[in-house]
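Colleague: I would like to learn how to read pockets and sheets in a model. Could you take me through one?

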Amino acid sequence: MRPLLLSPSDLAAARGRRLAVLTSGGDAQGMNAALRAVIRTALSVGASAYAVSEGYQGLIDGGDGLREFSWDDVSGILNRGGTVIGTFRSPGFRERAGRLRACANLVARGIDRLVVIGGDGSLSGLNQFASEWPGLLQELAEAGEITPAQAAAHPRLVYAGLVGSIDNDLVGSDLTIGADSALHRIQDAIDAVASTAASHQRAFVVEVMGRHCGYLALMAAVSGGCDFVLLPERPPADGWEQAMCEQLRRGRTAGRKDSIVILAEGATDRSGRPITADYVRQAIEEELGEEARVTILGHVQRGGQPSAYDRWASTWLGYSAAAHVLTATGEEPGPVFGFHGYQVVALPLAEAVAETRRVSTLVKAGDYDAAVRARGDEFASALSFFDELSAPAGANPAAGLPSGLSTVVPAASSAGSGPAAQPAGGGKRIGLMHAGGLAPGMNAAAKAVVRLGWARGHTMIGIEDGFPGLMAGAVRELSWKDVDGWDQEGGARLGTRRTAPAVEDLYAVARAVELARLDALLVIGGWTAYQSAALMLAERDRYPSLKLPVVCLPATIDNNLPGTQMSIGADTALNVIVDSIDKIKTSASASQRCFVAETMGRDCGYLALMGALASGAEQVYLNETTVTLSQIKADLDWLVHSFDEQHRDFCLWVRNENANANYTTAVLAHLLDEAGQGRYDTRTAQIGHIQQGGTPTPADRILATELAEQALSWAAAEWAAGTAGYACVGADVERLIVTDLAEAMKATDTAHQRPAQQWWLGLADLIAVVNRQPV
């Protein structure tokens, strides 16, 4: 779905309208990005935008609490945490008298369109305010506070909601504003705790936020390689303390030097008694006789700069909300906007809030499986395989667990979803390798494959150095212990090569597969991996040993692979880009300067476009779109005008490394210098291979783990059916999918090594709307 710019008729309707935006409840990283997008979308179409200070209280107080904003009022806030307009849980708005004053202040300014960024309480208040609006108008008119003409001009409140909450508790949306950034804070803390815990061979209890939602706790446990997790949605039965300690004991016996238990702040036992971090610590010390420590992360989880995701996704959400309220008639109930897969979706606000609150009701009623499923497929699936990931080799993941701690499986699972049954005839020998360029998260995928494979009774065979290593016989068994801690590391422990086998190499490949006695092959990598597997598929009739299940897991920072909307490593690279550009902006803060930043990606512009959107760049040049001299001239004319008339002191252009062979980064910089005639200095920044390095982000670790489970489950289904297909796993709107490899490769632009259709390309429209001030 493309985020289409408004049609001419919608533009005509939106022009001259007035909207207000506020942030309410707890703050969350990314609120400023959403606020900025709402304001600038309105201004871009000729509407007026008002910002409300201190949440709903600003509506009640009026005056300076409800102020018209300009383009520059939201400049420089994209990378800031919190909310620049403030937030407040207003007790006055809970009373009708407070809502009456809010209505009066809005109507006095000619505003009848409102965007609210907050949690479920804030959105419930918005829904109630809108439903009462006609009655409030009547009461104000009868009291003489507004005229009948004013009441007639604003008969309805047109509204939309955005969930700004690190808890990620909105049912129907995959992620809420701030949740990804909070996971970054938690993951950084867990990685740091793990090193000190291993040094002392000590257990740690880490408490995370989330109120009554266990999303942060569960995903942090998965991405952090933790041993045990306690969640509000799955209260443990009596005896959980012993089961937890037995799990930690097994890990130590298997060779782990650290033990980490993640506790969600809202976790309780079956009787409703809160489980405290100190109680968990005492249980560990009494049962295991070893020292344990407690780390309560607290509000650091919702502070600091937003992640790259919370910048571009919040921008898209803010645009969607503003576009809706400026063009809707208000005859239908207002929506709350969220994400499903990698697309913005509009959910009925009242129903979404009601479903969100129903989760707590399900928990209180003891229907824990339903509560887990209500959190969504990703949550239920992660919980279903977490026990397998953390259970040491040779241990039944559910053994020793009291009733209520067994694995929960999603009610409706597609092929490859949830733990697979053991194949008939016992375990299999599964080969695991990398191919192609390095991508952060490759190690996390490899660890997940090995751990899940061991839990399901298979023998895991590591293949070193890609296809050249396979042909050379560089294979070895990998144990549960061998991969401990891999998820925290960048690079690729097994090694990777960009070398793809040629047709004449396939005999050596087939012979190596035969000698290793492989029953399946999992290839984690980029275009080289897919190209190599496709060649094996095309030629396998000549080589019987190649008639085995082969599945590709997408891992490349370029995000250019078929059968998936997101590849392992792309999120980490994007965060590196955004962090680098933040520093570039700081370096230019004391002078008038233009920067041209170059990103990697080869012929795929994902990193360039999303980096530009998340960093506030005014222009982006991609290989997918035509770069012409006339376009560059128009961009230069706009830039000169903005420095002369809009008093600009900084400009950023982002260029994909292969955008155009002639208009290189250096050429663009020279053109900027020539057009500027001394108005500014021009600098270039080639961000380079640091985009492939560093510690993988939580999103890349989680995606790697989910795709590893999907690949193993698909292989098990192939064995059970007696077939030997070739496939690739991926993530899309339906979350996790398996695609026949031959069909996936048909949907590619092979000349440019990228999918023929790319979901993110339409987001280029947003650059013009929210990053580039109209002249």
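Modeller: What follows covers two pockets and one sheet in this predicted model.

Colleague: How is empty space found, and what volume does the largest pocket have?

Modeller: Rolling a probe the size of a water molecule over the atoms shows where empty space is left. Here the largest pocket has a volume of about 600 Å³. It is lined by 28 residues, and those closest to its centre are Ser 75, Gly 76, Lys 585, Asp 649 and Phe 650. Two or more lining residues come from each of α2, α19, α20 and β19, with α19 giving the most, 3 residues. By type, the lining holds 7 nonpolar, 12 polar and 9 charged residues.

Colleague: Which helix gives the largest share of the lining of the second largest pocket?

Modeller: Helix α5 (residues 120–142) does, with 6 residues. That pocket holds about 500 Å³ of space, and among the residues closest to its centre are Arg 89 and Asp 120. Its lining divides into 4 nonpolar, 13 polar and 9 charged residues.

Colleague: Now the sheet. What is the order of its strands?

Modeller: Strands of a sheet pair through backbone hydrogen bonds, either parallel or antiparallel. This open sheet of 7 strands has mixed pairing and runs β3-β2-β1-β4-β5-β10-β11. β3 and β11 stand at the edges with a single partner strand each, so one side of each has no neighbour in the sheet. β5 and β10 run parallel and are joined by 2 bridges; Leu 162 has Phe 337 in β10 as its bridge partner.

Colleague: Which strands does helix α12 lie across?

Modeller: Helix α12 lies across β5, β10 and β11, at about 90 degrees to β11. Helix α2 also lies across strands, including β1, to which it runs at about 175 degrees.

Key
Residues are numbered from 1 along each chain as its sequence is written. This is a predicted model: local features need pLDDT of at least 70, side-chain atom pairs count only at pLDDT 80 or more; totals for chains, interfaces and linings use all residues. Side-chain values use heavy atoms; hydrogens and water are left out. On a 1 Å grid over the protein atoms alone, a cavity is a set of points where a 1.4 Å probe fits but cannot get out, and a pocket is an open set with protein on both sides within 12 Å along at least five of seven lines; lining residues have an atom within 4 Å of a point. Grid points are joined across faces, edges and corners, and a volume is the space filled by probe spheres set on the points. Helices (H or I, at least four residues) and strands (E, at least two) are DSSP runs, numbered from the N terminus. Ala, Val, Leu, Ile, Met, Phe, Trp, Tyr, Cys and Pro count as nonpolar, Asp, Glu, Lys and Arg as charged, and the others, Gly among them, as polar. Two strands pair if DSSP finds at least two bridges between them. Contact means heavy atoms within 4.5 Å. Axes are lines fitted to C-alpha atoms, for helices over the stretch in contact, and angles run from 0 to 180 degrees between N-to-C directions.
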